[in-house]
Amino acid sequence: MLFAPLPRNEAKRLEALRSLLILDTAPEECFDRISAFAAKEFDVPIALVSLVDRDRQWSKSHFGLEVCETPRDVSFCGHAITKSETLVVPDALKDPRFADNPMVTGHPFVRFYAGAGLRLPYGQVVGTLCIMDRRPREFDRLDVAILGGLRDMVVEELFRREEAAA
């Protein structure tokens, strides 16, 4: 398993994440609707609105997965936040970054992953909208565009929350 590199702007990214005041908050219907829709749209068992903190990945919404927090070093999203484009892993068992990852070799037995970064308007990527399946899959440009549109809805909701709190 290869650990994800830290983004170049990690300190600013964490500052932006914490300024959202969303970590460890209760579930919210707006985020749950988006993750449930993503799971149905792509016919996958798992969809998350995931935020990557310093040492953990915490899910604001977790459709199809009981746990809402995992260590950052085993998270797929830790890799996704370092990419400018959507991270697509068609078969995790064939990808050296994830082949021996405990989320692949054990529960929830992830084989497919696609994660679109939650990029804030000032550039920091604080997490992902991601989908996972227990079987390998293909993911074409249209799929990437649809996931990106749903991701944009998550970012809008993040800012709606921030404006409401101000």
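**Figure 1. The exposed residue D24 and its salt-bridge partner R56 in the predicted model.** D24 has a relative accessibility of 51% and is therefore classed as exposed, the threshold being over 50%. Its partner in a salt bridge is R56, with 2.9 Å between the closest N and O atoms. The two residues belong to distant parts of the chain, 32 residues apart: R56 is in strand β2 (residues 56-63), whereas D24 is in the loop between α1 (10-19) and α2 (29-42). In contrast to D24, which is exposed, R56 is buried, at 14% relative accessible area. Both residues also take part in a network of salt bridges that links R18, D24, D53, R56 and E69. Over the whole structure, the search returns 15 salt bridges.

**Figure 2. Salt bridges formed by D133 and by D152.** D133 pairs with R137 in a salt bridge whose closest N and O atoms are 3.0 Å apart. Are the members of this pair buried or exposed? D133 is buried, with 6% relative accessibility, and R137 is buried as well, with a relative accessible area of 15%. A further salt bridge joins the side chains of D152 and R151, at an N to O distance of 2.8 Å. D152 is partly exposed, its relative accessible area being 38%.

**Figure 3. The largest nonpolar core and the surroundings of L129.** This core comprises 31 residues, and the members that touch the most others are L51, L118, V126, L129, I131 and L147. At least two core residues come from each of α1, α2, β1 (46-52), β5 (112-119), β6 (125-133) and α5 (141-165). Leaving aside residues up to four places away in sequence, L129 is in contact with I34, L48, V49, A114, G115, A116, L118, L147, L150, R151 and V154. Another core, of 20 residues, lies apart from the largest one; L48, I81, Y113 and C130 are among its members.

**Figure 4. The environment of R13, a buried arginine of helix α1.** R13 is located in helix α1. Its relative accessibility is 1%, and R13 is therefore classed as buried, for which the limit is under 20%. The side chain of R13 makes a polar contact of 2.8 Å with the side chain of E10. It also approaches the backbone oxygen of V125, at 3.4 Å. Beyond residues up to four places away in sequence, R13 touches P7, V52, D53, R72, I81, Q124, V125 and V126.

**Figure 5. V126 in strand β6 and its contacts.** V126 lies in strand β6 and is buried, with a relative accessible area of 0%. Which residues does V126 touch, not counting those up to four places away in sequence? They are R13, A16, L17, L20, S50, L51, V52, L118 and L120. Of these, L51 and L118 are named, together with V126, among the residues of the largest nonpolar core that touch the most other members. The C-alpha atoms of V126 and R18 are 9.3 Å apart in space, although the two residues are separated by 108 residues in sequence. R18 is itself one of the residues linked in the network of salt bridges that includes D24 and R56.

Technical notes: Residues are numbered from 1 along each chain as its sequence is written. This is a predicted model: local features need pLDDT of at least 70, side-chain atom pairs count only at pLDDT 80 or more; totals for chains, interfaces and linings use all residues. Side-chain values use heavy atoms; hydrogens and water are left out. A salt bridge is a side-chain nitrogen of Lys or Arg within 4 Å of a carboxyl oxygen of Asp or Glu. Helices (H or I, at least four residues) and strands (E, at least two) are DSSP runs, numbered from the N terminus. Buried means under 20% relative accessible area, exposed over 50%, partly exposed in between (1.4 Å probe, protein chains only). A nonpolar core is a set of buried Ala, Val, Leu, Ile, Met, Phe, Trp, Tyr and Cys residues joined through side-chain atoms within 4.5 Å. Contact means heavy atoms within 4.5 Å. A polar contact is a pair of N or O atoms within 3.5 Å; within protein, one must be able to donate a hydrogen and the other to accept it, and residues adjacent in sequence count only if both atoms are side-chain atoms.
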